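Please work through the following exercises with the sequence and the three-dimensional model at hand. Each task is followed by a stepwise solution.

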Amino acid sequence: MNRILLAAYPEDYRTRQGEEVLGCLAEAYPGRSWPPPREVFALLRGGVQARARAAVEDTSRPWWLDGFHLTALVLAALALVPYLQDVWHWALQLEPGGHTVGFEDTGWFPWTRGPGTRTRFLPYGLLPLICLVALVRGKRWIALPASAAMLLAGSGIAGSTFFGDEGVVGVGYYGLGAPLRADELVLSGTLFLTCAGLAAYRPSPLRRRSYGWLVPVAGALVMAGALHITSGDPNFQRGLFALEVAALITAWMVTAATGDHRWLIPVAAFTLVRVEAIAGRPSYLVGSLPSHVVLICLLMPIPLLAITAQRRRSRTT
């Protein structure tokens with residue numbers, strides 16, 4: 001089980017020092033296949049910092065290109081969250097009934113019929129999923145049309161033949177008390193502009209991550225399909241907010257370790273989307289936590305990351 005923890009480190013680090021780390025763990029904790037929680041956290045933190053330093057030391061692409069790539073990954077994942085159950089049920093050809101995120105009616109799939117509903121050929125959630133997978137593999141020319149399709153579906157120009165009314169007016173909650181609909185175009189528009197910027201800059205290839213990075217995506221699909229809760233559920237809202245806070249803390253941690261500004265770009269884009277959703281629709285707040293608490297938690301990381309990077313650079317100089 002200790003080898004699972006080594007996956008947090010870059011491949012070259014595992015090649016050089018992997019056996020040494022495993023030997024130290026076996027000596028420090030004999031007879032245990034898993035170290036104590038404190039040691040697990042320390043190893044994971046070290047792995048994240050090692051990956052961050054490796055990314056900064058890689059000069060094959062400019063730092064801002066990596067920042068835009070991370071931004072597109074974050075926005076694509078954020079767009080996929082409300083439709084995880086929908087994509088899972090569609091893939092398994094299950095009638096979702098009242099369990100699909102944001103949709104309680106039957107008849108959403110080509111093989112089902114429901115009163116007062118119109119069947120659609122594909123679930124809207126496939127678009128952010130395709131975009132996310134393409135970005136993980138560094139395929140900018142696949143991510144760009146997928147993000148453009150999200151924008152067209154939300155604007156209503158493409159109609160509802162493929163994605164039904166879901167892709168036009170379907171409600172999805174992106175995080176704690178922040179309802180966004182596909183037709184509000186803030187998220188899909190920002191994602192499209194980011195993907196367009198990545199596609200326009202040709203001199204440097206995008207970072208290609210292994211298929212192992214898609215394991216959490218598959219896990220999220222399976223978990224969402226089994227939970228049978230809506231995105232408006234307070235427990236869902238609190239859980240997603242906890243993940244968002246953990247991601248922001250990780251961004252601060254890698255910025256403190258490297259002094260690099262690339263992680264400030266996705267944090268700023270994420271904050272823009274989330275704050276606009278909360279400020280633009282205050283009457284839709286779920287109320288799992290006070291909205292001013294969420295706004296403060298979202299706005300604080302931007303100056304904090306900027307100050308942290310500047311102090312790190314000053315100490316290095």
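The exercises below concern a predicted model and treat salt bridges, a surface patch and two buried residues in turn.

**Exercise 1. Determine how Asp 58 and Arg 61 are paired, and classify the exposure of each residue.**

Step 1. The criterion is a side-chain nitrogen of Lys or Arg within 4 Å of a carboxyl oxygen of Asp or Glu. The closest N and O atoms of Asp 58 and Arg 61 are 2.8 Å apart, and the two residues form a salt bridge.

Step 2. Residues under 20% relative accessible area count as buried, and those over 50% as exposed. Asp 58 has a relative accessible area of 25% and is partly exposed, whereas Arg 61, with 12%, is buried.

Step 3. Side chains of opposite charge can pair when their charged atoms come close.

**Exercise 2. Which parts of the chain are tied together by the salt bridge between Arg 262 and Asp 66?**

Step 1. The distance is established by the closest N and O atoms of Arg 262 and Asp 66, which lie 2.8 Å apart in this salt bridge.

Step 2. Arg 262 belongs to the loop between helix H11 (234–258) and helix H12 (264–280), while Asp 66 belongs to helix H4 (residues 63–80), so the pair ties together parts that are 196 residues apart in sequence.

Step 3. Arg 262 is buried at 3% relative accessible area, and Asp 66 is buried at 4%.

**Exercise 3. Locate the two residues of the salt bridge between Glu 244 and Arg 274, and state whether they are buried or exposed.**

Step 1. Glu 244 and Arg 274 form a salt bridge in which the closest N and O atoms are 2.9 Å apart.

Step 2. Glu 244 is in helix H11 and Arg 274 in helix H12; this pair links distant parts of the chain, 30 residues apart.

Step 3. The relative accessibility of Glu 244 is 7%, which counts as buried. Arg 274 is likewise buried, with a relative accessible area of 0%.

**Exercise 4. How many salt bridges does the model contain, and which residues are linked in a network?**

Step 1. The count comes to 6 salt bridges.

Step 2. A network of salt bridges links Asp 58, Arg 61, Asp 66, Arg 207, Asp 260 and Arg 262.

**Exercise 5. Identify the residues that make the nonpolar surface patch of about 280 Å², and place Phe 68.**

Step 1. Trp 63, Trp 64 and Phe 68 make this patch.

Step 2. Phe 68 is located in helix H4. Its relative accessibility of 33% makes Phe 68 partly exposed.

Step 3. Patch residues must have over 30% relative accessible area, a condition consistent with the 33% of Phe 68.

**Exercise 6. Describe the surroundings of Val 87.**

Step 1. Val 87 lies in helix H5 (residues 84–92) and is buried, at 5% relative accessibility.

Step 2. Leaving aside residues up to four places away in sequence, Val 87 touches Gly 125, Leu 126, Leu 129 and Leu 221.

Step 3. Val 87 and Tyr 124 are 37 residues apart in sequence, and their C-alpha atoms are 8.1 Å apart in space.

**Exercise 7. Where is Ser 147, and which backbone oxygen lies 2.8 Å from a polar atom of its side chain?**

Step 1. Ser 147 is part of helix H7 (residues 140–155). With 0% relative accessibility, Ser 147 counts as buried.

Step 2. The backbone oxygen in question is that of Leu 144.

Step 3. Beyond four places in sequence, Ser 147 touches Cys 131, Leu 191, Phe 192 and Cys 195.

Notes
Residues numbered from 1 in each chain as written. Predicted model: local features only at pLDDT ≥ 70, side-chain atom pairs only at ≥ 80, totals over all residues. Heavy atoms only, no water. Buried < 20%, exposed > 50% of the residue type's maximum accessible area, 1.4 Å probe, protein only. Helix = DSSP H or I, 4+ residues; strand = E, 2+ residues; numbered from the N terminus. Patch = residues over 30% accessible without salt bridge, like charges linked within 9 Å, V, L, I, M, F, W, Y side chains within 5 Å. Areas by Shrake-Rupley, 256 points an atom, 1.4 Å probe, with all protein chains shown as cover. Contact = heavy atoms within 4.5 Å. Polar contact = N/O pair within 3.5 Å; in protein donor to acceptor, adjacent residues only side chain to side chain.
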